[in-house]
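Reader: Please take one helix of this model and look at it closely, with its surroundings. Then follow the chain to other places that deserve a note.

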Amino acid sequence: MSEAKPMRVLCVVPRGLTGRGGIETLFSHVDEYLRVHPDAGIEMEFLPSRGDASGAAWVFHFPFAFLRYAWRVASRRYDIVHLNAATNASAWRKAAMQWVARLAGCATVIHFHGSAFPKPDDPRPGWVPVLRHLFEQANAIIVLGSYWRGFVSRFYDMPPERFDVVANGVADFAPEAPQPREADTPVRLLFAGNLTDAKGAGVLLEAFALLPAGLPPWHATFAGTGDVATFRERTQQLGLSSNVEFTGWVARDAILPLYRRADIVVLPSRNEVLPVCLLEGACAGAALIATPVGSVADVLHDGSNGLVVAPDDPDRLAGALAELIGDGARREAFRAASREIYISHFRLEAMIEALRNVYRKALSGKG
């Protein structure tokens, strides 16, 4: 359903649409949809807030990004500025950008992707009150699932209704999924993410080394950035070189075939919001194995389309992997269920409609 007049939105993403993070992947899907559907009622432009700078190097990039952003907001008539925000330094950057947007008379929508909150007994870092101010000044706030609405509202003692749940959505790149597998092909596993402890990449490699002999043939692909050389060396030491490959970073057009070929998508993270890689795995009809963190339970229904394991537990992870590699009938049932969960909850069209509703709410509450 199109708007009488499209809502003009400037969407700020950390690295721009060509970046390598989950937020960038998410809005690449959105951008493609809006280009194909000009009647969607949303005209969206994109701008990076930190570029490809890694670590603390963002401080050198951000002043130039901020000036470019301020010029765009001041010189173009946007209705809404959509700020993708997280914890830590992201809160400070988005607070400065929100101030400019409000000064220009734009409604602001905060799309919150953070997960790294201090524990109750930990000292409160400086970004905590900054993030509160960001939320209080926003015309609308998006969180990725009921878990995060409850958590953030309790953390800041804010009304839950202040937060709108908008599930991530991905374009349907595998409409024929799940495709049947040839009986003599190896079971294919995919890890799509940064090769870091936070994502559980090292734990996954340890788990592969613990798999029992006698399983059907299997092959695992690690698709992501990080210290690929060290991981390859460790793979050799563990005697897994014939089973495990590392691609490094893979552009989106090249990674989609990896999802379509995957029987199992694995993500043993320590913390997450609502990971796009699991949504893409569900879209492609893959069984899922992941940890019960953040809103992962929205897409991984334990025992229905995959298995849940505790973080940092290579023994339990190996057990889950062995169970699905060895049980073809259960794996196929999980694959079919994943596809149904994607269709029911994570189609891109549903996300676009939810964004439209949030934008209308933000505009109605402006001023």
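Author: The model is predicted, and the account starts with helix H4, residues 127–137. Trp-127, Val-128, Val-130, Leu-131, Leu-134 and Phe-135 are the buried residues in this helix. They lie on the same side of H4, because the arc they cover around the axis is only 165°. The cover over these buried residues includes three helical and strand neighbours named here with their ranges: strand E3 (80–85), helix H3 (89–103) and strand E4 (107–112). It also includes strand E5 (140–143), helix H5 (146–156) and strand E6 (163–165).

Helix H5 can be described in similar terms. Its buried residues are Trp-148, Gly-150, Val-152, Ser-153, Phe-155 and Tyr-156. The packing partners of these residues are E4, H4, E5 and E6. H4 and H5 thus appear in each other's surroundings: H5 is part of what covers the buried residues of H4, and H4 is among the elements that the buried residues of H5 pack against. After H5 comes Asp-157, with a positive phi near 50°.

The loop between E4 and H4 holds His-113. With a relative accessibility of 11%, His-113 falls under the 20% cut-off and so counts as buried. Its side chain makes a polar contact of 2.7 Å with the side chain of Asn-84. Beyond residues up to four places away in sequence, His-113 touches Ile-23, Leu-26, Asn-84, Ala-85, Ala-86, Leu-144 and Val-273.

Another loop, between E3 and H3, contains Asn-88. Asn-88 has a positive phi, near 60°, and is not a glycine. Its relative accessible area is 39%, so Asn-88 is partly exposed.

Next comes a pocket. The second largest pocket holds about 250 Å³ of space. It is lined by 14 residues, and those closest to its centre are Ser-115, Ala-116, Phe-117, Lys-119 and Asn-271. Sorted by class, the lining comprises eight nonpolar, three polar and three charged residues.

Further along the chain, the peptide bond between Ala-177 and Pro-178 is cis, with omega about -5°. Pro-178 sits in the loop between E6 and strand E7 (187–192). Pro-178 is also one of the residues in contact with Arg-335, a residue of helix H11 (328–345).

Arg-335 has 0% relative accessibility and therefore counts as buried. A polar atom of the Arg-335 side chain lies 2.8 Å from the backbone oxygen of Gly-285. With neighbours within four places in sequence left aside, the contacts of Arg-335 are Pro-178, Gln-179, Arg-181, Asp-263, Gly-285, Ala-286 and Ala-287. Gly-285 therefore enters the description of Arg-335 both by that 2.8 Å distance and as a member of the contact list.

One more residue belongs with the backbone notes. Asp-312 is found in the loop between strand E12 (306–308) and helix H10 (314–326). Its phi is positive, near 55°, in a residue other than glycine. At 41% relative accessibility, Asp-312 counts as partly exposed.

Definitions and conventions: Residues numbered from 1 in each chain as written. Predicted model: local features only at pLDDT ≥ 70, side-chain atom pairs only at ≥ 80, totals over all residues. Heavy atoms only, no water. Buried < 20%, exposed > 50% of the residue type's maximum accessible area, 1.4 Å probe, protein only. Helix = DSSP H or I, 4+ residues; strand = E, 2+ residues; numbered from the N terminus. Arc of directions from axis to C-beta. Contact = heavy atoms within 4.5 Å. 1 Å grid on protein atoms, 1.4 Å probe; cavity = no way out; pocket = protein on both sides within 12 Å on 5 of 7 lines; lining within 4 Å. Points joined across faces, edges and corners; volume = space filled by probe spheres on them. Nonpolar A, V, L, I, M, F, W, Y, C, P; charged D, E, K, R; others polar. Polar contact = N/O pair within 3.5 Å; in protein donor to acceptor, adjacent residues only side chain to side chain.
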